[in-house]
Amino acid sequence: MTQTPMTAAADLAPIAVVTGASRGIGAATAERLSRDGYCVAVHYGNDADAADSVVARIRQGGGDAFSFQADLTRPDAGRRFWEAYDAVAGDWRPRPIRTLINNAGVTLRGPIEDFAATSLVQQQQINQTAPFLIVQEGLGRLEDGGHIVNVSSGATRIATPDIIAYTMTKSAIDAFTRTLAQHLGHRRITVNAVAPGIIDTDLNAGWLRDNQQAVDQVLPQIALGYIGTPAEIADVIGFLASDDARYVTGHTIDATGGSRL
Ligand code: NAD
């Protein structure tokens with residue numbers, strides 16, 4: 001069930017909208033931003049119960065949050081995203097948004113020989129087109145002096161053959177970040193990206209979780225010697241969404257534990 005906001009707390013704090021915040025990096029980011037004093041709008045794709053759990057954890061911690069659903073595969077994803085936000089936002093609706101985190105994403109794996117054109121388009125839609133459309137349709141809602149943080153990938157720095165299409169989408173996110181930062185500088189809106197390495201989330205469940213052989217292959221390739229946690233990415237996003245990072249814009253910050261993968 002979609003959760004509506006609690007008005008009292010919403011009156012006091014800036015708003016952050018986090019896409020794909022029902023689990024993984026997005027959920028950790030929503031919780032981190034709440035601890036930093038944000039009211040958090042928790043977007044999700046199809047896992048309402050998971051999104052509600054994130055809202056519940058934020059409220060248990062003394063913050064406020066609400067959840068809303070929007071499918072990012074649609075060609076009109078931007079308009080639908082904000083319509084879905086407005087439908088649930090209640091008293092938050094007229095208030096400006098300080099921070100937008102474009103986190104939702106999918107990794108579709110497979111060699112180029114077998115990679116379906118429909119998978120290519122779907123992955124581009126979610127990872128690359130939707131952030132563009134959400135920003136495009138949301139520009140008027142963003143507060144001057146606010147922040148946009150996009151979630152890229154450390155995969156853009158290296159060459160992994162079974163995620164060619166995924167890597168293309170994340171390289172586009174880096175370009176989006178650089179160029180949008182120039183466009184929004186006059187409003188003092190910072191635009192940055194975080195490029196995570198290999199993080200323990202559902203995104204990697206298929207090949208890494210419960211697969212000791214894969215873990216044994218991966219760990220020697222990571223300078224810090226362990227697979228990252230969602231919270232370790234959320235902390236970098238939290239910094240970029242804070243006043244401490246007010247003179248940082250147009251950059252992609254790697255948080256890969258020194259991964260060579
Ligand atoms: P995850 O699978 O745990 O969570 C993905 C989130 O995106 C979920 O909330 C899901 O509901 C949402 N989502 C997926 N498809 C959607 C759709 N069609 N419409 C609406 N929402 C949709 O993944 P994660 O690991 O937390 O990944 C978050 C971001 O981090 C992604 O952009 C991913 O590419 C990036 N990333 C992850 C890793 C990693 O190792 N986990 C590494 C580099 C980059």
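Guide: Let us start with a rule we will need: a residue is buried if 20 or more other C-beta atoms lie within 10 Å of its own, exposed if 12 or fewer, and partly exposed in between. Please keep in mind that this is a predicted model.

Visitor: Why is Arg188 called partly exposed?

Guide: Arg188 has 13 C-beta neighbours inside 10 Å. That count falls between 12 and 20, so Arg188 counts as partly exposed. You will find Arg188 in the loop between helix 6 and strand 6 (190–196).

Visitor: What makes the phi of Arg188 worth pointing out?

Guide: Phi of Arg188 is near 60°, which is a positive value in a residue other than glycine. Asp210 is another example, with phi near 60° and likewise not a glycine.

Visitor: Where is Asp210, and how do you know whether Asp210 is buried or exposed?

Guide: Asp210 sits in the loop between strand 6 and helix 7 (212–218). Asp210 has 8 other C-beta atoms within 10 Å. The cut-off for exposed is 12 or fewer, so Asp210 is exposed.

Visitor: What about Glu83: why is Glu83 called partly exposed?

Guide: Glu83 belongs to helix 4. Its count is 13 C-beta neighbours inside 10 Å, which is in between the two cut-offs, so Glu83 is partly exposed. Glu83 and Ala195 are 112 residues apart in sequence, and their C-alpha atoms are 29 Å apart in space.

Visitor: Let us turn to helix 5. How do you know that its length agrees with its number of residues?

Guide: Helix 5 has 22 residues (117–138), and at 1.5 Å a residue they should span 32 Å. The end C-alpha atoms are 29 Å apart, so the two values agree.

Visitor: Where is the kink in helix 5?

Guide: The kink is at Thr129, shortly before the proline Pro131, and its angle is about 45°. Thr129 and Pro131 are also among the buried residues of helix 5, as are Gln123, Ile126 and Leu133.

Visitor: What covers those buried residues of helix 5?

Guide: The cover includes helix 4 (77–89), strand 4 (97–102), strand 5 (142–151) and helix 6 (164–184).

Visitor: Phe132 is in helix 5 too. Why is Phe132 called partly exposed?

Guide: Phe132 has 16 C-beta neighbours inside 10 Å; that is over 12 but under 20, so Phe132 counts as partly exposed. The C-alpha atoms of Phe132 and Thr99 are 15 Å apart, with these positions 33 residues apart in sequence.

Visitor: How do you know that Gly138 is in contact with Trp82?

Guide: Two residues are in contact if their C-beta atoms, placed from the backbone, lie within 7 Å. Leaving aside neighbours within four places in sequence, Gly138 meets this rule with Trp82 and Leu100. The C-alpha atoms of Gly138 and Trp82 are 7.2 Å apart, but the rule uses C-beta atoms, so that value does not decide the contact. Gly138 itself, in helix 5, is partly exposed, because 17 other C-beta atoms lie within 10 Å.

Visitor: What makes up the shell around the ligand?

Guide: The ligand is surrounded by 27 residues, and the closest are Gly20, Gly24, Gly45, Gly105 and Thr201. By class, eleven are nonpolar, twelve polar and four charged. Helix 2 (residues 24–35) gives the most, with three residues.

Conventions: Residues numbered from 1 in each chain as written. Predicted model: local features only at pLDDT ≥ 70, side-chain atom pairs only at ≥ 80, totals over all residues. Helix = DSSP H or I, 4+ residues; strand = E, 2+ residues; numbered from the N terminus. Expected span 1.5 Å × (residues − 1). Bend = angle between axes of the 7 residues up to and from the residue. Near = placed C-beta within 6 Å. Nonpolar A, V, L, I, M, F, W, Y, C, P; charged D, E, K, R; others polar.
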